[in-house]
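Reader: I'm new to protein structures and would like to walk through one. Could you put it up and let me ask things as we go?

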Amino acid sequence: MQHKLIGFIGGGNMAKAIIFGLLKKGYPANRIIVSDPDREKLAIYAEQGIEITENNKKAAECAEVVLLAVKPQIIATVCEQLSAVDFSNKLLISIVAAISVDRFSFLLPTAKNIVRVMPNTPALVSSGMAGLFAKANVTVEMKNFAQDLLNSVGESCWVDDEEKMHAVTAGSGSSPAYFFLLMESMQKALLDMGLDFETARLLVQQSALGAAKMVIENPRTEISLLRQNVTSKGGTTAAALEVFDQAQLSETIKQAMSACVARSQQMEKLF
Ligand SMILES: NC(=O)C1=CN([C@@H]2O[C@H](COP(=O)(O)OP(=O)(O)OC[C@H]3O[C@@H](n4cnc5c(N)ncnc54)[C@H](OP(=O)(O)O)[C@@H]3O)[C@@H](O)[C@H]2O)C=CC1
Ligand SMILES: O=C(O)[C@@H]1CCC=N1
């Protein structure tokens, strides 16, 4: 991929996952600039040879690609700080949850090439998943760069309707947290059963990895069949799954993901 100069506005958790993922893939540190008010956070980037600043306008002005990675709650304030920047020849990538392309067009009227992305933190270990959306006016070159950027830290897919970005948030941005919660709960249960910490963690992490790899490496096999293959009739797995069933786990997961979508829709109106 081209090594365009990327200016990150906000250097928190998600920016860090993408930036360190990019560095691991050989993206040159001197083609990245990070702006954030927190000097401690900036120091981590400076150690990697990345240019740092506390001045958002400066970072955006010199960058060819501006990647917005601040919280949705402060997006209007941050865009106000960027309002004097001419975005007409720049690519604007937003990873900000819930904020629409139309909202960015209103906040930054010179921005024409806007790509909205919903990534996730496994980008840090080159296993990210990102959904992308762009309006029809965005050039193919700009769209390709945005996708190449996300592909260099994992997988990506485009959605044709911006409304679907709420569901993408439930399925990519937020979803690592669901798996972490499951793994946390399993680890705790194993500790309570008397296993030591290292053993409990190894059992959980390796099983999670193995399950994910089985799904990935058998794309034509239904996930439900993989589950059934573990579940001997009258055996141990069936006993465990029966408890999940009684607690209506599938319904709970559906409700949780719907809550994620509802919050995203609410935030879209609020910020
Ligand atoms: N975390 C995740 O898994 C994902 C996050 N996202 C989206 O990414 C965005 C960032 O989230 P996340 O990284 O988790 O949040 P963080 O709070 O970790 O990062 C945001 C960063 O922006 C900094 N900041 C605050 N004010 C400004 C400002 N005026 N100008 C520049 N930087 C500023 C914050 O500094 P300080 O802490 O000092 O306020 C912080 O370092 C959000 O919009 C979120 O919706 C999308 C997908 C996944
Ligand atoms: O929790 C959030 O709002 C952000 C967006 C997706 C993941 N983290």
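Author: Here are some questions and answers about this model, which is predicted.

Reader: Which helix gives the most to the largest nonpolar core?

Author: That core has 36 residues, and Ile6, Phe8 and Ile19 touch the most other members. Now look at who supplies the residues: one helix covers residues 13-24 and puts in eight of them. That top contributor is helix H1.

Reader: Which residues does Ile19 touch, leaving out those up to four places away in sequence?

Author: Ile19 is one of the three that touch the most other members of the largest core. Skip residues up to four places away in sequence, and its contacts are Phe8, Ile32, Val34, Tyr45 and Ile50.

Reader: How many residues are in the other core?

Author: This one lies apart from the largest core. Among its members are Ala63, Ile75, Phe87 and Met165. Its count is 31 residues.

Reader: Are Arg116 and Glu162 buried or exposed?

Author: These two form a salt bridge, with the closest N and O atoms 2.8 Å apart. To call a residue buried, its relative accessible area has to be under 20%. Arg116 comes in at 4% and Glu162 at 15%, so under that cut-off Arg116 is buried and Glu162 is also buried.

Reader: How many residues apart in sequence are the parts that Asp102 and Lys135 tie together?

Author: Their side chains meet in a salt bridge, at 2.7 Å from N to O. Asp102 sits in helix H5 (residues 101-107), while Lys135 is in the loop between strand E7 (128-134) and helix H6 (140-151). So the pair links parts whose separation in sequence is 33 residues.

Reader: Why does Asp38 count as partly exposed?

Author: Asp38 pairs up with Lys41 in a salt bridge, the closest N and O atoms being 3.8 Å apart. Buried means under 20% relative accessible area and exposed means over 50%, with partly exposed in between. Asp38 falls in that middle range because its relative accessible area is 29%.

Reader: What share of residues 162-267 is helix?

Author: UniProt, in an unreviewed entry, lists this span as "domain: Pyrroline-5-carboxylate reductase dimerisation". The C-alpha atoms at its two ends lie 15 Å apart. Strand makes up 0% of the span, and the helix share is 82%.

Key. Residues are numbered from 1 along each chain as its sequence is written. Chains are lettered from A and ligands numbered from 1 in the order in which they are written. This is a predicted model: local features need pLDDT of at least 70, side-chain atom pairs count only at pLDDT 80 or more; totals for chains, interfaces and linings use all residues. Side-chain values use heavy atoms; hydrogens and water are left out. UniProt positions are given in the numbering used here, feature names are shortened, and annotations may be inferred rather than shown by experiment. Helices (H or I, at least four residues) and strands (E, at least two) are DSSP runs, numbered from the N terminus. A nonpolar core is a set of buried Ala, Val, Leu, Ile, Met, Phe, Trp, Tyr and Cys residues joined through side-chain atoms within 4.5 Å. Buried means under 20% relative accessible area, exposed over 50%, partly exposed in between (1.4 Å probe, protein chains only). Contact means heavy atoms within 4.5 Å. A salt bridge is a side-chain nitrogen of Lys or Arg within 4 Å of a carboxyl oxygen of Asp or Glu.
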